[in-house]
Amino acid sequence: MATSLGANTYNRQNWEDADFPILCQTCLGENPYIRMTKEKYGKECKICARPFTVFRWCPGTRMRFKKTEVCQTCSKMKNVCQTCLLDLEYGLPIQVRDTGLAVKDEVPKSDVNKEYYTQNMEREIANSDGTRPVGLLGKAPSSSDMLLKLARTTPYYKRNRPHICSFWVKGECKRGEECPYRHEKPTDPDDPLADQNIKDRYYGINDPVADKLLKRASTMPRLDVPEDKTITTLYIGGLGDTVTDTELKNHFYQFGEIRTITIVQRQQCAFIQFATRQAAESAAEKSFNKLIINGRRLTVKWGRSQAARGKESIKDGVSEMGTRLDPVPGLPGALPPPPALDEEAPANYFNLDPSTSSIMNIALPPPPGINPPPPGFGPPMFHPMGHMGPPMPPPMGMRPPGHIHYPSQDPQRMGAHAAHGARQGD
């Protein structure tokens, strides 16, 4: 049977009294000098319904006042903050942490079983040194790659901002800048993040924040192990000019015996071949997206076999990491291939009549001081190549009327009538 504030005489020995709360850095605020109010047995715990000591404080300027929501026993059982109920080590929701550590929640939800379970956990907490979590969480692995990628490394103080002013949303707030609430447009009410429950967050079920983080973790790039068991080589990219083979060897020798290390300085990459496939898989798993040498984040990929290297071709719309890229709207499509050229057909660059000769009689200007010969009597510029060559075109005066040899002789071209009139005037 759960207690309440009215039942002052029932099970009072289990009421909690504390001198300082269990808080994360974000809820505590960035100001090292804060004032807290302490109210002994001020509220019921929202999980176990036992009265506990409530602390209330302001984490910073223009921030809302915060207070503890659960008792310290419930906080220690899950290793979470008493206010935001996020994990104290990773800053993540309980559902995400339990998924990453493969821990199944076994906290009972009925009143009687919950009280019995809480008393047993209090006994276990009292017998521990207080440096590690208790229960199944204390027996779980120490870390997880997914949790390390999702964990916050710095406090997120925007979470302490005031709530949105409901009067301002309706256009009725008259406080102006003195209003302690935010004058901002609220988010979409259909947004799943707008509907959060403290008990769902504590028990790790139906938490919309956790679902969002788990979806982000599922879309993170991962390094797939090749099916070819003969591949024991890793590709290391982005070396730059500072990373040497000795530094690569100092990092990768911990995973197993290294057969060769080949550095291609021109491509700023290296190939590390291990003696066993197990060593290569261990190095790839523990170095992918986490390898930093001399302040440079290096790229780790699997090498390719000789047969796959010859057959592999570049696929359209696929990045180097294997993820499919969405097409960019507005870009032109691929250009059509050029038309096939007929090797037997000659190239007609001047649009000449194919019945005429392909050899042109080009006359060079005479030297200064020498009058040019009359048209049709000048020496030919090109001589026929042997007796089998094509015949030379007749002189201009002996050609039949209407015969066109050069494009400039076309009477239909622009300016041809003016030039003919000028020639007759001469």
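**Cores, a helix pair and cysteines in a predicted model**

In this chain, residues 24 or more positions apart account for 57% of the contacts with a separation of 6 or more. The model is a predicted one, and its chain holds 13 helices and 9 strands.

Biologist: What makes Leu 234, Ile 236, Leu 248, Phe 252 and Phe 274 stand out in the largest nonpolar core?

Modeller: They are the residues with the most contacts inside that core, which has 21 residues. The elements that give two or more residues to this core are β4 (233-237), α10 (245-252), β6 (269-274), α11 (277-287) and β9 (299-302), and α11 gives the most, with 4 residues.

Biologist: Which residues is Phe 274 in contact with, leaving aside its neighbours within four places in sequence?

Modeller: With those neighbours left aside, the contacts of Phe 274 include Thr 232, Leu 234, Phe 252, Phe 255 and Ile 258, and also Ala 279, Ala 280 and Ala 283. A second, separate core, of 18 residues, includes Cys 48, Met 77, Ile 125 and Tyr 202.

Biologist: Why are α3 and α9 called oblique to each other?

Modeller: The axes of helix α3 (residues 94-101) and helix α9 (residues 208-218) cross at roughly 40° and come within 8 Å. Angles under 35 degrees count as roughly parallel and those of 65 to 115 as roughly perpendicular, and the crossing angle of roughly 40° fits neither range, so the two helices are oblique to each other.

Biologist: Which residues of α3 and α9 meet, and what is the character of that contact?

Modeller: From α3 come Gln 95, Val 96 and Thr 99, and they meet Ala 210, Asp 211, Leu 213 and Leu 214 in α9. The residues of this contact divide into 4 nonpolar, 2 polar and 1 charged.

Biologist: How do you know that Cys 27 is in no disulfide?

Modeller: The nearest cysteine sulfur, that of Cys 24, is 3.5 Å away from that of Cys 27, whereas a disulfide needs the two sulfur atoms within 2.5 Å. The structure as a whole holds 0 disulfides.

Biologist: Why is Cys 27 called buried, and why is Cys 58 called partly exposed?

Modeller: Buried means under 20% relative accessible area, and Cys 27, with a relative accessible area of 0%, is therefore buried. Cys 58 has a relative accessible area of 25%, which lies between the 20% limit for buried and the 50% limit for exposed, so Cys 58 is partly exposed. Of the 426 residues of the chain, 29% count as buried.

Methods:
Residues are numbered from 1 along each chain as its sequence is written. This is a predicted model: local features need pLDDT of at least 70, side-chain atom pairs count only at pLDDT 80 or more; totals for chains, interfaces and linings use all residues. Side-chain values use heavy atoms; hydrogens and water are left out. A nonpolar core is a set of buried Ala, Val, Leu, Ile, Met, Phe, Trp, Tyr and Cys residues joined through side-chain atoms within 4.5 Å. Buried means under 20% relative accessible area, exposed over 50%, partly exposed in between (1.4 Å probe, protein chains only). Contact means heavy atoms within 4.5 Å. Axes are lines fitted to C-alpha atoms, for helices over the stretch in contact, and angles run from 0 to 180 degrees between N-to-C directions. Angles under 35 degrees count as roughly parallel, over 145 as roughly antiparallel, 65 to 115 as roughly perpendicular and the rest as oblique. Ala, Val, Leu, Ile, Met, Phe, Trp, Tyr, Cys and Pro count as nonpolar, Asp, Glu, Lys and Arg as charged, and the others, Gly among them, as polar.
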